[in-house]
Amino acid sequence: MKLYTREWGAGDRHAVLVHGVMSDSRNWRRVGPVLAERGYHVVAVDLRGHGHSPRTEEYTAELMAEDIVDTVPYAPELVMGHSLGGLTVSLAVDRLHPERAVYVDPAFSCPAANWFQRMLAPAFLKTLARQSAAAIAKRNPRWDPADVAIEVETFKSFDRAAIPAVLAPSVMRAPEHMAVPSLVMLADNSYLVKPHIAERLRDTGFDVRIVKGSGHVINRDDHDGFMDALEGWI
């Protein structure tokens, strides 16, 4: 599947950005321009079932990884994925062959069985899709109003059929090896990468950094802290 892309810059280095579940390429609206200023041609995708990309009858993290490989430039200098995007990047990296990979609070483990069951509940998903800007802003007090407005739109538009397959506990797992030099950037008290997983990643060679005080969507909670944590990787 060819995915919808949003692009910044015209540099001779490529950076690929992959958003998380229920979001789209606008998640990177502040990050993309900064990378473009540093000489990158930035390509941010909308995953299948999200944003302007096609809807389908089949959703798996592996298919989403294949979509990325089929859509973006081969062997980019940098590939970065947030949450579900981090999981899909980990599945695509052996075929995409980037020089470096950055995993932003990636979906490397399921928080809890009851969390997954709640995410599958039709009533809960319907509630998510109807969340008001006020509710989102209250839950994310550090977000810029523009990001709140984008979240309202993306929650309404994503295909709820994507949730069961891509967020199944059996799918959400950390890589067994480091395919390319990689940074794992974590939210403070990450619920997707627990301390024992972070330690195993460090032992495997990953650079693991925590952005203190940040929530799951680090670049929206603390843009400056997010960019500081990328020091040496961009």
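**Exercise 1.** Which residue stands opposite Met185 in β6?

*Solution.* Quick ground rules: this is a predicted model, where local features need pLDDT of at least 70, side-chain atom pairs count only at pLDDT 80 or more, and totals for chains, interfaces and linings use all residues. Numbering starts from 1 along each chain as its sequence is written, and side-chain values use heavy atoms, leaving out hydrogens and water.

Start with the strands, which are DSSP E runs of at least two residues, numbered from the N terminus like the helices (H or I, at least four). Strand β5 (residues 100-104) runs parallel to β6, with four bridges joining them; strands pair if DSSP finds at least two bridges between them. The residue we want is Val104.

**Exercise 2.** Find the partner of Met185 in β7, then work out whether β6 is enclosed or not.

*Solution.* Go to β7 (residues 207-211), parallel to β6 and joined to it by five bridges. There, Met185 is bridged to Arg209. Next, check burial (under 20% relative accessible area, 1.4 Å probe, protein chains only). Ser182, Val184 and Leu186 point one way, Leu183, Met185 and Ala187 the other, and all are buried. Six of the six residues of β6 (residues 182-187) are buried, so the strand is largely enclosed by the rest of the structure.

**Exercise 3.** Classify the ring pair of Tyr103 and Phe108.

*Solution.* Rings of Phe, Tyr and Trp (its six-membered ring) pair with centres within 6.5 Å; planes under 30 degrees apart are stacked, over 60 edge-to-face, the rest tilted. The structure holds two aromatic pairs. For Tyr103 and Phe108, the centres are 5.6 Å apart and the planes at 55°, so call the pair tilted. Both residues, Tyr103 and Phe108, are buried.

Definitions and conventions: Buried < 20%, exposed > 50% of the residue type's maximum accessible area, 1.4 Å probe, protein only.
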